Amino acid sequence: MISYPSRHCTVELQALPSRIGQVRRIVSAQLRYWHLDALIDRASLGVTELLSNVHRHAQPDKTCTVEIELLLDRLTVSVRDHDPRMPVVDDAEPLATCGRGLAMVAAMSESWGVRPDGESGKVVWFTLPTTSAAVAAPSRRARRTVLEKPARRFAEVGHAADGLRPEHAPARSAVAG
């Protein structure tokens, strides 16, 4: 259910992989409606990470509420679930395939946090600035940082028998949608 499309949008769902893609599309459409197209990628990434955490960790159920709210110069995205356990940001091992979600949310957002929601739940949230200068600045900073650091290889690419072209593994998606 979507409510208050002018400044506030709420979506209730089961945090299942098939639903996460639907919520990303809803968030994207809402941000386009608010003329905040520059925030779509970061908001979609953040909400995907938070919903993935609910899917992976929340007990006793996967029911949650995604809320996006536009207040003056700030977009707030929050996910409320029914598990009172607070998330822990761990340092992931270099070759780990998971464990970086909250670190990514922290890196791409202006601020983030978690708060208890009664006795049986919590809210994890992040904010993004909506002013044009602040929206453009993080991407320039991120590009400069990426260019200054050498790229790390996560896996070696195998060589074809003819030695001319590498063999490619098929692409796989962890989240539908």
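This report describes the fold, the nonpolar core and one helix pair of a predicted model.

Local features require pLDDT of at least 70 and side-chain atom pairs count only at pLDDT 80 or more, whereas totals for chains, interfaces and linings use all residues. Residues are numbered from 1 along each chain as its sequence is written, and side-chain values use heavy atoms, with hydrogens and water left out.

The protein chain has four helices and five strands, taken as DSSP runs (helices H or I, at least four residues; strands E, at least two) numbered from the N terminus. Along the sequence, their pattern is β-α-α-β-β-α-β-β-α. Of the 177 residues, 33% are buried (under 20% relative accessible area, 1.4 Å probe, protein chains only).

The largest nonpolar core (buried Ala, Val, Leu, Ile, Met, Phe, Trp, Tyr and Cys residues joined through side-chain atoms within 4.5 Å) holds 31 residues. Val23, Leu31, Val47, Leu51, Leu75 and Val79 touch the most other members. Among the elements that each supply at least two residues of this core are the following.

| Element | Residues |
|---|---|
| Strand S1 | 8–14 |
| Helix H1 | 17–33 |
| Helix H2 | 40–57 |
| Strand S2 | 63–71 |

H2 gives the most to this core, with six residues. Leaving aside neighbours within four places in sequence, Val23 is in contact (heavy atoms within 4.5 Å) with Val11, Leu13, Val47, Leu51 and Val66.

The residues of H1 that meet H2 include Val23, Val27 and Leu31, and those of H2 include Val47 and Leu51.

How values were computed:
Buried means under 20% relative accessible area, exposed over 50%, partly exposed in between (1.4 Å probe, protein chains only).
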